[in-house]
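The following paragraphs lead the reader through a structure, taking up ionic pairs, backbone geometry, the surface and the pockets in turn.

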Amino acid sequence: MSKFKKKKDGGVPAISTASLPDIVFMLLFFFMVATVMRQNTLKIQNTLPAADQVEKLAKRNLLMYIYAGKPSSAYKQFGSEARIQLNDKFADVSEIPAFIAAERDSKREEEVPFLTTVLSVDKETNMGLVSDVKQKLREVNALKINYKTRKGDAIQSLNQ
């Protein structure tokens, strides 16, 4: 009997797949953390006016968005007049109190006084629609209003 046996040539050893589940879960967790889900799909044209003094709001979960502008090209069947979009649907100004009430109900009671209404208004939208929205917000006591804008030169934006 020999003390050492000569190995037979068994070919190339198989690749170990023991770490494959770890890699898959690591990628899955990365995409779960890095992905931001979009809240609303814009159905309107929303070119924001520019402002030179902008401030970012801290608590985004306390914001209620009201969009205003002309329907985008995919939604031409709704006309060419400026409309209001609440969440994912077109709405009328009369539906704003119900929207505000639903948003208040979805938040905890101690967060309700800090809710802010963000008006994201296209720069081509007429001021009458914005005034109607502000009047409805005043009727339901939603007095914290913020205008969404982009950073830029305000004077140059007016000339465009």
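**Salt bridges, backbone, surface and pockets**

Glu-111 and Arg-108 are joined by a salt bridge in which the closest N and O atoms are 3.1 Å apart. The model in which this pair is found is a predicted one. With a relative accessible area of 16%, Glu-111 is buried, because residues under 20% are placed in that class. Arg-108 also forms a salt bridge with Glu-110, and here the closest N and O atoms lie 3.4 Å apart. Through shared partners, Arg-108, Glu-110 and Glu-111 are thus members of one salt-bridge network. Side chains of opposite charge can pair when their charged atoms come close.

The search of the whole structure gives four salt bridges. Another of these links Lys-136 with Glu-139, the closest N and O atoms being 3.5 Å apart. Both residues belong to helix H3, which covers residues 127-139, and they are three residues apart, about one turn of the helix. How do the two partners stand with respect to accessibility, exposed or partly exposed? Lys-136 has a relative accessible area of 23% and is partly exposed, whereas Glu-139, at 52%, counts as exposed. The class of Glu-139 follows because its relative accessibility of 52% is over the 50% cut-off for exposed residues.

The loop that follows in this account is the one between H3 and E6, where Asn-141 is located. Asn-141 is not a glycine, yet its phi is positive, at about 60°. Most residues other than glycine have a negative phi. Asn-141 is exposed, with a relative accessible area of 54%. A positive phi is also found at Asn-87, where the angle is near 55°. Asn-87 sits in the loop between strand E3 (83-86) and strand E4 (89-91). Its relative accessible area is 35%, so Asn-87 is classed as partly exposed.

Attention now turns to the surface. A nonpolar patch is formed there by Ile-23, Met-26, Leu-27, Phe-30 and Phe-31, which together have about 540 Å² of accessible area. One of these residues, Leu-27, lies in helix H1, made up of residues 20-34. Leu-27 is partly exposed, at 46% relative accessible area. This value satisfies the condition for patch membership, because a patch residue must have over 30% relative accessible area.

The pockets complete the picture. The largest pocket holds about 460 Å³ of space. It is lined by 17 residues, and those closest to its centre are Arg-38, Gln-39, Asn-40, Tyr-65 and Tyr-67. Strand E2 (63-69) and helix H2 (96-106) each supply at least two residues of this lining. Which element gives the most to the lining of the largest pocket? That element is E2, with four residues. By class, the lining of the largest pocket comprises eight nonpolar, four polar and five charged residues.

In the second largest pocket there is about 380 Å³ of space. Its lining consists of 13 residues, with Glu-55, Lys-56, Leu-57, Lys-148 and Thr-149 nearest the centre. Two or more residues of this lining come from E2 and likewise from strand E6 (145-147). Six residues in the lining of the second largest pocket are nonpolar, three are polar and four are charged. Strand E2 is therefore named for both linings, giving four residues to that of the largest pocket and two or more to that of the second largest.

Note on methods
Residues are numbered from 1 along each chain as its sequence is written. This is a predicted model: local features need pLDDT of at least 70, side-chain atom pairs count only at pLDDT 80 or more; totals for chains, interfaces and linings use all residues. Side-chain values use heavy atoms; hydrogens and water are left out. Patches are made of residues with over 30% relative accessible area and no salt bridge: like charges are joined within 9 Å, nonpolar side chains (Val, Leu, Ile, Met, Phe, Trp, Tyr) within 5 Å. Accessible areas come from the Shrake-Rupley method with a 1.4 Å probe; for residues, only the protein chains shown count as cover. A salt bridge is a side-chain nitrogen of Lys or Arg within 4 Å of a carboxyl oxygen of Asp or Glu. Buried means under 20% relative accessible area, exposed over 50%, partly exposed in between (1.4 Å probe, protein chains only). On a 1 Å grid over the protein atoms alone, a cavity is a set of points where a 1.4 Å probe fits but cannot get out, and a pocket is an open set with protein on both sides within 12 Å along at least five of seven lines; lining residues have an atom within 4 Å of a point. Grid points are joined across faces, edges and corners, and a volume is the space filled by probe spheres set on the points. Ala, Val, Leu, Ile, Met, Phe, Trp, Tyr, Cys and Pro count as nonpolar, Asp, Glu, Lys and Arg as charged, and the others, Gly among them, as polar.
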